[in-house]
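Work through the exercises below with the sequence and the structure side by side. Each task is followed by a solution that proceeds in steps.

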Amino acid sequence: MTVAADYLLQMNGIVKSFGGVNALNGIDIKVKPGECVGLCGENGAGKSTLMKVLSAVYPHGTWEGEILWDGQPLKAQSIRETEAAGIVIIHQELTLVPDLSVAENIFMGHELTLPGGRMNYPAMLHRAEALMRELKVPDMNVALPVSQYGGGYQQLVEIAKALNKQARLLILDEPSSALTRGEIEVLLDIIRGLKAKGVACVYISHKLDEVAAVCDTIAV
């Protein structure tokens, strides 16, 4: 028998309505550490809505049900709270600032500073380079504007941002929609590496070959 503590995340009986229309009607999902759960369903089925409930885009009190994180109730009111807990969502529309450097994008909102409040750019560049090595893209120049890189590399910058926030659960919302086949293979390899380190993932996708390649369980 699996006890509650075996799960990193449990969402129980989640109900979310918009103007009297139920987008989610009693949804349950469970994720263990190091597990990748594929979240599948047709457009409008509520996949992204469920993850917005989890990440507190829709804060506690605007939906019904229960979220348990590490066995404890999670009643987050903001994305900042869920990110502090280790839940990080990468949206289908990337949230990078094109004119800022790769390193500045990775640290956006979490900048390293020196006494007096000045930016500690050397420390941020060093950490950004370490993150890109971890993601097996050591040739990326993190001092260049992120606009210098294509969609696949920009997706990796988003993942580096998540790792920099100490993500324990990474939510990827249709991450391969703008990627080439080669870039998708790199992405799937990175997810396998994260799983091996104990990072859990929720992978939202319509592409069942990707789901089959990287997910341990599937929720429809």
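Contact means heavy atoms within 4.5 Å. The model used in these exercises is a predicted one.

**Exercise 1.** Find which residues isoleucine 159 touches, leaving out residues up to four places away in sequence, and place this residue in a nonpolar core.

*Solution.* Begin with the contacts: isoleucine 159 touches Ile90, Leu135, Leu170, Leu172, Leu187, Ile190 and Leu194, when residues up to four places away in sequence are not counted. Next, turn to the largest nonpolar core, which has 41 residues and in which Ile159 is listed with Ile106, Met132, Leu170, Leu172 and Tyr203 as having the most contacts inside it. The elements giving two or more residues to this core are the helices α3 (102-106), α4, α5, α6 (181-196) and α7 (208-214), together with the strands β6 (87-90), β7 (169-173) and β8 (200-204). Finally, a second core, separate from this one, has 27 residues and includes Leu9, Leu54, Trp69 and Ile171. As background, nonpolar side chains in soluble globular proteins tend to be buried together.

**Exercise 2.** Describe how helix α4 and helix α5 pack, giving the angle and how far apart their axes lie.

*Solution.* First locate the helices: α4 covers residues 121-134 and α5 covers residues 151-164, and they pack at an angle of about 115° with their axes 10 Å apart. Because angles from 65 to 115 degrees count as roughly perpendicular, α4 is roughly perpendicular to α5. The crossing in which α4 passes α5 is right-handed. On the α4 side the contact is made by Arg127, Leu131, Met132 and Glu134, while α5 contributes Leu156, Ala160, Leu163 and Asn164. Sorted by class, this contact of α4 with α5 has five nonpolar residues, one polar residue and two charged residues.

**Exercise 3.** Decide whether isoleucine 29 is buried or exposed, and do likewise for asparagine 105.

*Solution.* Isoleucine 29 is found in strand β2 (residues 21-31). Its relative accessible area is 5%, and since buried means under 20%, isoleucine 29 is buried. Isoleucine 29 touches Leu9, Gln10, Met11, Val37, Leu39, Leu50 and Ala219, not counting residues up to four places away in sequence. Asparagine 105, for its part, lies in helix α3 and counts as buried at 0% relative accessibility. Under that sequence exclusion of up to four places, asparagine 105 touches Leu96, Val97, Leu100, Val146, Val157 and Lys161.

Terms used. Residues are numbered from 1 along each chain as its sequence is written. This is a predicted model: local features need pLDDT of at least 70, side-chain atom pairs count only at pLDDT 80 or more; totals for chains, interfaces and linings use all residues. Side-chain values use heavy atoms; hydrogens and water are left out. Axes are lines fitted to C-alpha atoms, for helices over the stretch in contact, and angles run from 0 to 180 degrees between N-to-C directions. Helices (H or I, at least four residues) and strands (E, at least two) are DSSP runs, numbered from the N terminus. Angles under 35 degrees count as roughly parallel, over 145 as roughly antiparallel, 65 to 115 as roughly perpendicular and the rest as oblique. A crossing is left-handed if the near helix is turned anticlockwise from the far one by less than a right angle, and right-handed if clockwise. Ala, Val, Leu, Ile, Met, Phe, Trp, Tyr, Cys and Pro count as nonpolar, Asp, Glu, Lys and Arg as charged, and the others, Gly among them, as polar. A nonpolar core is a set of buried Ala, Val, Leu, Ile, Met, Phe, Trp, Tyr and Cys residues joined through side-chain atoms within 4.5 Å. Buried means under 20% relative accessible area, exposed over 50%, partly exposed in between (1.4 Å probe, protein chains only).
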